Amino acid sequence: MVENIGTEASRALEGARPRVFWLDPDVPGHDVPEPAPPLTEDVHTNLAVVGAGYTGLWTALLAKERDPERDVVLIEARTTGWAASGRNGGFCAASLTHGFENGEQRWPEEIDELERQGAANLDAIEETVRRYDIDCEFERTGETLVATAPWQVRDLEEAAAALRERGLDTPLWDAEGTRDRIDSPTYLGALHEPDGVAMLHPAKLAWGLRAVCERLGVRIFENSPVRDIVRTPLGLRLQTGTGSVHASKVAWGGGAFPGPLRRLKHYLAPVYDYALMTEPLTDEQRDSIGWKGREGVSDAAHFFHYYRLTADNRILWGGYDIVHHYGGRVRPEYEQRPETFHKLAEHFLETFPQLRGIRFSHTWGGVIDTCSRFSVFFGDAYDGRLAYAAGYTGLGVGATRFGAQVLLDRLDGLDTERTRLRMVREKPLPFPPEPVRSIGIELTLRATASADRNEGRRNLWLRGLDSVGMGFDS
Ligand SMILES: Cc1cc2nc3c(=O)[nH]c(=O)nc-3n(C[C@H](O)[C@H](O)[C@H](O)COP(=O)(O)OP(=O)(O)OC[C@H]3O[C@@H](n4cnc5c(N)ncnc54)[C@H](O)[C@@H]3O)c2cc1C
């Protein structure tokens with residue numbers, strides 16, 4: 001007898017570990033590095049980098065590549081990659097603008113240049129991974145955007161036409177063509193982007209970048225949260241509980257955590273995104289879904305799912321719910337959300353009914369640094385002695401390397417193809433203070449859910465936000 005899907009979802013989740021798969025030391029092949037020592041003294045440096053997520057790691061690495069003599073200190077509140085960088089979906093995209101459409105709407109005059117720089121950035125990530133032999137399971141698979149409702153098919157056709165006008169021939173598949181590639185009865189069509197996205201193991205990338213930084217001579221301190229930033233005659237002093245870093249320049253890559261850089265609070269709304277991981281698929285299960293191209297997949301709804309295969313043929317299944325807590329609260333207990341996991345498991349089983357009986361091995365969530373324009377923004381503080389990059393909004397795996405380059409350009413006062421971009425010079429609209437912020441976010445989430453139910457039609461509230469360039473996404 002076929003079980004009810006809710007019962008089947010509960011059964012599939014039984015025994016799943018409430019922890020991040022990628023960071024789980026018990027998974028074979030996960031060589032979690034020993035933590036670097038905490039900061040227990042006063043150190044002096046030319047460049048201090050705050051945060052050992054991808055932004056900070058790329059900044060430290062590229063600073064050393066640009067000038068091997070430069071002294072660089074990397075300081076991290078916890079351990080390398082524990083936050084978004086070690087718990088994401090591992091979709092490493094060329095887009096710097098949270099997708100072509102968002103970029104084209106906001107910066108139409110420079111979208112071609114943004115796309116060009118984004119593609120070069122992804123190539124450079126691949127080249128760096130190969131050059132330093134970083135074992136992060138990098139696979140340049142591309143991505144398939146699937147339609148599961150007729151209005152999404154129309155959206156994909158429009159998107160394909162817009163891309164064709166720019167000379168980009170992006171394959172558009174009908175239901176049969178899509179199911180030939182990846183077999184789900186829910187698919188009505190798909191747009192395939194063959195080159196602009198790679199899949200990787202997020203934590204292994206963070207650990208690998210850390211190892212390269214160490215090899216290049218970056219001094220790394222972990223479990224050392226910067227609590228205060230103080231001006232000094234020669235630069236800035238970053239104060240932790242047990243030591244301090246005196247630096248001429250500071251690059252801030254603190255992700256969704258503004259800490260002492262309070263101005264970032266106006267621009268960032270921390271939102272939780274959730275994911276499940278299955279056990280490795282058997283050969284039979286693997287054959288039943290096709291998916292020979294191993295590309296990343298997401299659906300074309302506003303509240304979308306993203307999913308992919310791992311190197312050992314598990315399926316990571318994430319997205320859909322976006323959860324913001326009043327006041328932008330971030331707490332460890334928010335990383336587990338059973339009602340979201342159950343919903344995600346049901347959606348998984350509806351998408352791949354042939355995989356009924358499968359079990360999920362891990363459930364987790366993490367914080368995304370959402371900003372109102374959905375893509376990284378930059379700023380300076382302390383008379384240009386500190387530069388920050390934040391607001392990647394769920395698409396930072398690739399864009400953080402670009403963010404790091406911009407941070408270095410700005411701190412060194414360089415005029416480059418990056419710093420000339422309007423996208424780099426402009427900031428997003430700030431979010432209003434509480435309680436208006438939470439009310440606005442709730443209204444936006446409800447309106448977005450309603451658009452998904454109503455053929456993608458955006459109501460007055462969403463159109464109003466669109467007209468001022470403000471939005472809320474993951
Ligand atoms: C569940 C989830 C799924 C995602 N999926 C994808 C995806 O598939 N593709 C994609 O492109 N993007 C994805 N993202 C987003 C992507 O992971 C982020 O954009 C990217 O990792 C941001 O990197 P970061 O270094 O800026 O921030 P983080 O990785 O958050 O790193 C910031 C670091 O700074 C440290 N820090 C903060 N404050 C201080 C302080 N005061 N002192 C010292 N250290 C400090 C933190 O401890 C942290 O380690 C996802 C995110 C989540 C949460």
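The exercises below, each with a worked solution, explore a predicted model of a protein structure.

**Exercise 1. Describe how helix α5 and helix α11 pack, and state which residues meet there.**

Step 1. Two packed helices are described by the angle between their axes and by the distance between those axes.

Step 2. Helix α5 covers residues 111–131 and helix α11 covers residues 399–411; the two pack at an angle of about 100 degrees, and their axes are 9 Å apart.

Step 3. Because angles from 65 to 115 degrees count as roughly perpendicular, α5 is roughly perpendicular to α11.

Step 4. On the side of α5 the contact is made by Gln-117, Asn-121, Ala-124 and Ile-125, which meet Ala-399, Arg-401 and Phe-402 of α11. Sorted by character, the residues of this contact are four nonpolar, two polar and one charged.

**Exercise 2. Find out how many cavities of 30 Å³ or more the structure holds, and describe the lining of the largest cavity.**

Step 1. Rolling a probe the size of a water molecule over the atoms shows where empty space is left.

Step 2. When the whole structure is searched, one cavity of 30 Å³ or more is found, and the volume of the largest cavity is about 30 Å³.

Step 3. The lining of the largest cavity consists of Asp-273, His-302, Phe-303, Phe-304, Gly-319, Tyr-320, Asp-321, Ile-322 and Ser-474. By character, this lining divides into four nonpolar, three polar and two charged residues.

**Exercise 3. Asp-383 and Thr-393 each have a positive phi although neither is a glycine; decide for each whether the residue is buried or exposed.**

Step 1. Asp-383, with a phi of about 55 degrees, sits in the loop between β18 (377–381) and β19 (386–390). Its relative accessibility is 71%, so Asp-383 counts as exposed, the cut-off for exposed being over 50%.

Step 2. Thr-393, with a phi of about 50 degrees, belongs to the loop between β19 and α11. Here the relative accessible area is 0%, and therefore Thr-393 is buried.

**Exercise 4. Locate Thr-55 and Phe-257, and list what each of them touches beyond four places away in sequence.**

Step 1. Thr-55 is part of helix α2, residues 54–66, and with 7% relative accessibility it counts as buried. Leaving aside residues up to four places away in sequence, Thr-55 touches Gly-253, Ala-389, Tyr-392, Thr-400, Ala-404 and Leu-407.

Step 2. Phe-257 is placed in the loop between β11 (244–252) and β12 (269–278), and its relative accessibility of 31% makes it partly exposed. With residues up to four places away in sequence again left out, Phe-257 touches Trp-82, Ala-83, Trp-252 and Val-330.

Step 3. For a separation in sequence and space, take Phe-257 with Ala-345: the two are 88 residues apart in sequence, and their C-alpha atoms are 30 Å apart.

**Exercise 5. Determine where Pro-435 and Leu-443 lie, and add what is known of the peptide bond between Glu-434 and Pro-435.**

Step 1. Pro-435 is found in the loop between α12 (422–425) and α13 (436–453). The peptide bond that joins Glu-434 and Pro-435 is cis, with an omega of about 5 degrees.

Step 2. Leu-443 lies in helix α13, where a relative accessibility of 40% means that Leu-443 counts as partly exposed. Along the chain Leu-443 and Leu-462 are 19 residues apart, and 9.2 Å separates their C-alpha atoms.

Methods:
Residues are numbered from 1 along each chain as its sequence is written. This is a predicted model: local features need pLDDT of at least 70, side-chain atom pairs count only at pLDDT 80 or more; totals for chains, interfaces and linings use all residues. Side-chain values use heavy atoms; hydrogens and water are left out. Axes are lines fitted to C-alpha atoms, for helices over the stretch in contact, and angles run from 0 to 180 degrees between N-to-C directions. Angles under 35 degrees count as roughly parallel, over 145 as roughly antiparallel, 65 to 115 as roughly perpendicular and the rest as oblique. Contact means heavy atoms within 4.5 Å. Ala, Val, Leu, Ile, Met, Phe, Trp, Tyr, Cys and Pro count as nonpolar, Asp, Glu, Lys and Arg as charged, and the others, Gly among them, as polar. On a 1 Å grid over the protein atoms alone, a cavity is a set of points where a 1.4 Å probe fits but cannot get out, and a pocket is an open set with protein on both sides within 12 Å along at least five of seven lines; lining residues have an atom within 4 Å of a point. Grid points are joined across faces, edges and corners, and a volume is the space filled by probe spheres set on the points. Buried means under 20% relative accessible area, exposed over 50%, partly exposed in between (1.4 Å probe, protein chains only).
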